[in-house]
Amino acid sequence: MARSSAPLRRLGFLTMGLFDPEEPAAGHEATLQLIELGERLGFDSAWLRHRHLQFGISSPVAVLAAATQRTRRIALGTAVTPLGAENPFRLAEDLGTVDVLSGGRLLPGFSTGEPMRFDAFKHAIYPSTLDQEDLGYDRVLRLRSFIRGDVVSDSAGREGQEDYSSRVEPHADGLAERLWYGAGSLRSAGWAGEQSFNLLTSSVIAAEDGTTDFAANQAAQVRRFRELHPAGERARVSQGLVVIPTDSATASQRARYHEYVESRRHRVGVAHGPRRMLFAEDLVGSSAEIAERLHEHAGFQEVDEVAFALPFTLEPDDYTQLLTDIAGALGPALGWRPAAAGESRPA
C-alpha cells in the first residue's frame, strides 16, 4: 500500500567523507563538523559510507566513536559496511562499544557478498583462507548473534583475579534491533524482511520488473520486504536518493550542482552489467520542485524516513548550504519537522 500521503517522520543524510591523502585529518574533521551541524539543524540521523582503498572514510565505526563525544541526540549510522571485509566477532565488539558511548544511538547498516572491487584487496585480508570464508547471508546472522548477546564461550566466570563473560562485551541493549541491511534486489529485500532487519534501499538497485523504471523497481522491493517482515507495514525502510536543493545556493554553486548532475545523467534509465543495475536520477532544483518530484516517486511513496545522499565531490560550504536547505525547506515540504533543542527521538 503506497504511503504517498504520509508525512516524512525521520530525516537523515549520508556522506562519503572525502579527504586529501596528503592531509587526511582535515577531511575527517570536516566530516565530524558536518555531523555536528546536522544535529544543530535537527536532523534525525547522520550516516557514513564505507570505502576501502579510496580517499573516503575507511573506518566509519571509528569516526562515529568520535562523533558520539561531539553530539548528544542525532542517530549515527553506516550505509553500508560490507561484511566481506570484516571479522563479525571483532566488529560486534566495536559496535557494542560505540553504541554504549553514544547512549544507544548507533544504526549499523551492512551488506553481504563480495565488497566493491574485492579483487583489489581480498588477498590482503584473506591471504590463505579466502576459499574457506562464507561471504553470504550467514555472516550477517553471525554478527547479529554476537550483538544480541548469544553465548559464544562456555568458560565464563572468574579465573584468578579476572572475570570472563560468555557473550561479546560490551553488550548494548537494543542494538540488535537497530541493525539495517542494504538490499538492492527482490531476493535480498525479501530475505532482510524474513530475518526482521531494517531495510536500507539506495540509489543503486537491480532491474527486475522487466523495465528500467528505477522508482517502480524500488517500490516493488520495499513491498516485498514488508510482505515478508513480521512487522508488516510497520517495518522500517530508509531511502537514500541524491537530492540537491538550490534554495539558498549562489549562482556558482547552482552551476556546479547542475554540472555534477549532468556528468552522471548518462547512467540513468539504462540497466548496467549482467545484474542489470539501475541508478536513480539525482534530484536538483528548489526544495518545492524536489518535493513535488519525490511525491510522484513510487519508491518514495513507500517510505516515511530517508537518508538523503550528499554528492561526493563538493566543498565544505556546499555541504553546509545543502544540509541547511534540506532541514529548513525540503524536509518541511515533505511533512517533516526538525527535532527541537533537547528533544530525543528513538534511533
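Two residues are taken to be in contact when heavy atoms of theirs lie within 4.5 Å. With that in mind, a good place to enter this predicted model is I74, a residue in the loop between α2 (60-68) and β3. Leaving out residues up to four places away in sequence, I74 touches F13, I35, G38, E39, F43, D44, S45, A46 and R105. One of these partners, D44, is 30 residues away from I74 along the chain, yet the C-alpha atoms of the two are separated by 5.3 Å. The relative accessible area of I74 is 0%, so this residue counts as buried.

From this single residue the view can widen to the protein as a whole. The chain forms 10 helices and 14 strands. Its radius of gyration is 20 Å, close to the 20 Å that the globule rule gives for 347 residues, so the protein is as compact as a globular protein of that length. Measured out along the principal axes, the C-alpha trace spans about 70 × 45 × 40 Å. Of the 347 residues, 52% are buried. Contacts across the sequence are well represented too: when contacts with a separation of 6 or more are considered, 73% of them join residues 24 or more positions apart. The surface that the protein exposes comes to about 15,700 Å², and carbon and sulfur atoms supply 51% of this area. As for charge, the protein carries 36 positive and 47 negative charges, and the mean positions of the two groups are 3 Å apart.

Aromatic rings offer another way to follow the fold. A pair of aromatic rings is described by the distance of the centres and the angle of the planes. A search of the whole structure finds 11 aromatic pairs. In one of them, the rings of F43 and W336 have centres 6.3 Å apart and planes at 40°, so this pair is tilted. F43 sits in the loop between α1 (24-41) and β2 (45-48), while W336 belongs to the segment after α10 (316-333), so the pair ties together parts that are 293 residues apart in sequence. Both F43 and W336 are buried. F43 is also among the residues that I74 touches.

Another pair is made by W191 and F197, which are stacked, with 5.6 Å from centre to centre and 25° between the planes. W191 has a relative accessibility of 10%, and residues under 20% are called buried, so W191 counts as buried. F197, at 1% relative accessibility, also counts as buried. These two rings do not stand alone, since ring pairs link Y137, Y181, W191 and F197 into a cluster.

The backbone has some details that reward a second look. Most residues other than glycine have a negative phi, and most peptide bonds are trans. Against that background, the peptide bond from A79 to V80 is cis, with omega near -5°. V80 lies in strand β3, which covers residues 75-82. A cis peptide bond is also found from E169 to P170, again with omega near -5°. P170 is placed in the loop between β6 (162-164) and β7 (180-182).

Positive phi angles appear at S196 and R276. S196 is not a glycine, yet its phi is about 65°. The loop that holds S196 runs between α6 (186-194) and β8 (198-201). With a relative accessible area of 38%, S196 is partly exposed. R276, likewise not a glycine, has a positive phi of about 55°. This arginine is found in the loop between α8 (251-264) and β12 (277-279). At 35% relative accessibility, R276 counts as partly exposed.

The last stop is L314, in the loop between β14 (305-309) and α10. Its relative accessibility is 11%, so L314 counts as buried. Setting aside neighbours within four places in sequence, L314 is in contact with R256, Y257, Y319 and L322. The C-alpha atoms of L314 and Q253 are separated by 9.4 Å, and these residues are 61 residues apart along the chain. Like I74 in the loop between α2 and β3, L314 is thus a loop residue, and both are buried.

Methods:
Residues are numbered from 1 along each chain as its sequence is written. This is a predicted model: local features need pLDDT of at least 70, side-chain atom pairs count only at pLDDT 80 or more; totals for chains, interfaces and linings use all residues. Side-chain values use heavy atoms; hydrogens and water are left out. Helices (H or I, at least four residues) and strands (E, at least two) are DSSP runs, numbered from the N terminus. The radius of gyration is taken over C-alpha atoms; the globule rule is 2.2 Å times the number of residues to the power 0.38. Buried means under 20% relative accessible area, exposed over 50%, partly exposed in between (1.4 Å probe, protein chains only). Accessible areas come from the Shrake-Rupley method with a 1.4 Å probe; for residues, only the protein chains shown count as cover. Lys and Arg count as positive and Asp and Glu as negative; His and the chain ends are not counted. The place of a charge is taken as NZ of Lys, CZ of Arg, CG of Asp or CD of Glu. Rings of Phe, Tyr and Trp (its six-membered ring) pair if their centres lie within 6.5 Å; planes under 30 degrees apart count as stacked, over 60 as edge-to-face and the rest as tilted.
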